[in-house]
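Thank you all for coming; I would like to spend a few minutes on some local backbone details and on one side chain. Please have the sequence and the model open while I talk.

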Amino acid sequence: MIAIIDYGMGNLRSVQKALEFVGQNAVITDDINIIQKADKIVLPGVGAFGDAIKTIREKGFDREIYSACKSGKPFLGICLGMQMIFDKSYEYGEFEGLGLIPGEIKLLPDNVKKPHIGWNNLNVKMKAPLFENTGENPYVYFVHSYYLETDAPVVSATTQYGKEIQVAVQKDNIFALQFHPEKSGDVGLEILKSFGGL
């Protein structure tokens, strides 16, 4: 069973529907007990970093995420859910993230339209379980104004938007995507299917 953490922000139902479409049992929940019992965890999200991370901590979801990641349970962060696993965000201030992987979340470059909305192709950078069945340079759907900068050897894919930006990471059992697989057609479904099969 895959637990989709409900902290009051994000398009949870579309993520659930996409996972169910590829044969996964996925539940939307804010129940700590269900999250603990899940085989895998998804942290989606759309909205402001500061509000989201505050809610995650107030509800104790941060402890469950740390515990799951430490135990080896597959974890997937999507969009804002990706951004929160890093050290810090500069979205409307400065906020501490979960620090699961070193890195910072910064505003997209001045020379590009914000938010970045639409389809871009991925440049897959490493052998990545989530991209095994997507073909070369797959197209995926983005909606974001902030992006990751990390020097850690975890970047599994980048895209071009004003410059090369880091849009997917993996570290052991932790996976994260800046784009929305649930909105990325057949490619996104393959990515979620691969996560479900981990």
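Strands, in what follows, are DSSP runs of E of at least two residues, numbered from the N terminus. With that in hand, and keeping in mind that this is a predicted model, let me begin with Thr29, which is placed in strand S2, residues 26-29. Is Thr29 buried or exposed? Its relative accessible area is 6%, and because buried means under 20%, Thr29 counts as buried. The side chain of Thr29 comes to 2.9 Å from the backbone nitrogen of Asp31, and, if we set aside neighbours within four places in sequence, the contacts of Thr29 are Ala3, Ile4, Ile5, Asp6, Ile34 and Ile35.

Now to the backbone, where a general point helps: most residues other than glycine have a negative phi, and most peptide bonds are trans.

Against that background, Cys79, which is not a glycine, has a positive phi of about 55°, and Cys79 sits in the loop between strand S4 (75-78) and helix H5 (80-83). Asp172 also has a positive phi, near 55°, and Asp172 belongs to the loop between strand S13 (164-171) and strand S14 (174-177). As for their surroundings, Cys79 is buried at 6% relative accessibility, whereas Asp172 is exposed, with a relative accessible area of 68%.

Finally, which residues does a cis peptide bond join? They are Lys114 and Pro115, with omega at about 0°, and Pro115 is located in the loop between strand S7 (104-107) and strand S8 (116-121).

Conventions. Residues are numbered from 1 along each chain as its sequence is written. This is a predicted model: local features need pLDDT of at least 70, side-chain atom pairs count only at pLDDT 80 or more; totals for chains, interfaces and linings use all residues. Side-chain values use heavy atoms; hydrogens and water are left out. Helices (H or I, at least four residues) and strands (E, at least two) are DSSP runs, numbered from the N terminus. Buried means under 20% relative accessible area, exposed over 50%, partly exposed in between (1.4 Å probe, protein chains only). A polar contact is a pair of N or O atoms within 3.5 Å; within protein, one must be able to donate a hydrogen and the other to accept it, and residues adjacent in sequence count only if both atoms are side-chain atoms. Contact means heavy atoms within 4.5 Å.
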